[in-house]
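I opened this model to look up its charged side-chain pairs. I also wanted one hydrophobic residue for contrast.

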Amino acid sequence: MTIKKLEAVLEGILFAMGRAVPIGQLANAIEQDENTTKKLLHNLRDRLDKEESGIRIIELNGSYQMCTNPDVFEALIQVVKQPKKQVLTNVQVETLAIIAYKQPITRQEIESIRGVKCDHAINKLIEYNLIEEVGRLDAIGRPLLFGTTEEFLRSFGVTSMEDLPVINPVKVENLRQEAEEEVQLSLNLHNDNAEVKS
């Protein structure tokens, strides 16, 4: 097959799949090694960009996906109803950040870091397809482990977890102390109110 034909096959596969496809599967499909397949995909991506095509090819953790060019979003909205954007609460953002940086992680570990229960936040993040169950911890009770999804990468505009910003340890410690103080203040207020009522 010619280079042009191989690129056409890759383009057809990505269009038909509608999701991210691992480089290994793409390489097997065109009977080429992974490095050659990556070069073909990058050539295809560059050609689509150069032609100002309405579609783009993006890379997500070693997988490739075809998606809509952001430049055509306004026209697209005229044709289909704009999907409702999910707005994350502060609790959900905090929970998601913990999972992103500590994954794979159990619910108990998340709650230990936050100092409060996170059932609702975790369930919502699963519903939004930002996190998923990635296995079970080899410990008593075999608790579920959570990690981020490809949708998380797409939503936050990063190609892999290595692209996430590095956290300043001093800032993390300050935030942890602030959270502990807030929890203590909340407990104190609750106890004061209980004393007043009695």
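My entries on salt bridges come first, followed by one on an isoleucine.

**Entry 1: the model and the count.** I am working with a predicted model. I asked how many salt bridges the structure holds. The count came back as nine. I followed up some of them below.

**Entry 2: arginine 114 and glutamate 94.** I looked up the N to O distance for this salt bridge and found 2.9 Å. Then I checked where the partners sit. Arginine 114 belongs to helix α6, residues 107–114, and glutamate 94 to helix α5, residues 90–102. The pair therefore ties together parts that are 20 residues apart in sequence. Next I asked whether arginine 114 is buried or exposed. Its relative accessible area is 14%, and the cut-off for buried is under 20%, so arginine 114 counts as buried. Glutamate 94 has 39% relative accessibility and is partly exposed.

**Entry 3: lysine 124 and glutamate 127.** I moved on to a pair within one helix. Both residues lie in helix α7, residues 119–127. They are three residues apart, which means a separation of about one helical turn. Their salt bridge has its closest N and O atoms 3.4 Å apart. I read that against the limit, which is within 4 Å. Which side of the exposure cut-offs does each partner fall on? Lysine 124, at a relative accessible area of 22%, is partly exposed. Glutamate 127, at 52%, is exposed, because the exposed class starts over 50%.

**Entry 4: aspartate 49 and arginine 56.** I found a salt bridge here too, with 3.7 Å between the closest N and O atoms. I looked up accessibility for both ends. Aspartate 49 comes out at 37% relative accessibility, partly exposed. Arginine 56 comes out at 32% and is also partly exposed.

**Entry 5: a network.** I asked which residues are linked in a network of salt bridges. I noted Glu7, Arg47 and Glu51 as linked in this way.

**Entry 6: isoleucine 13.** I turned to the hydrophobic residue. Isoleucine 13 sits in helix α1, residues 3–17. Its relative accessible area is 21%. Buried requires under 20%, so I logged isoleucine 13 as partly exposed. What does isoleucine 13 touch, leaving out residues up to four places away in sequence? I found Leu26 and Ala29. I then took the C-alpha to C-alpha distance to alanine 29 and got 8.9 Å. Those two residues are 16 residues apart in sequence.

Methods: Residues numbered from 1 in each chain as written. Predicted model: local features only at pLDDT ≥ 70, side-chain atom pairs only at ≥ 80, totals over all residues. Heavy atoms only, no water. Salt bridge = Lys/Arg side-chain N within 4 Å of Asp/Glu carboxyl O. Buried < 20%, exposed > 50% of the residue type's maximum accessible area, 1.4 Å probe, protein only. Helix = DSSP H or I, 4+ residues; strand = E, 2+ residues; numbered from the N terminus. Contact = heavy atoms within 4.5 Å.
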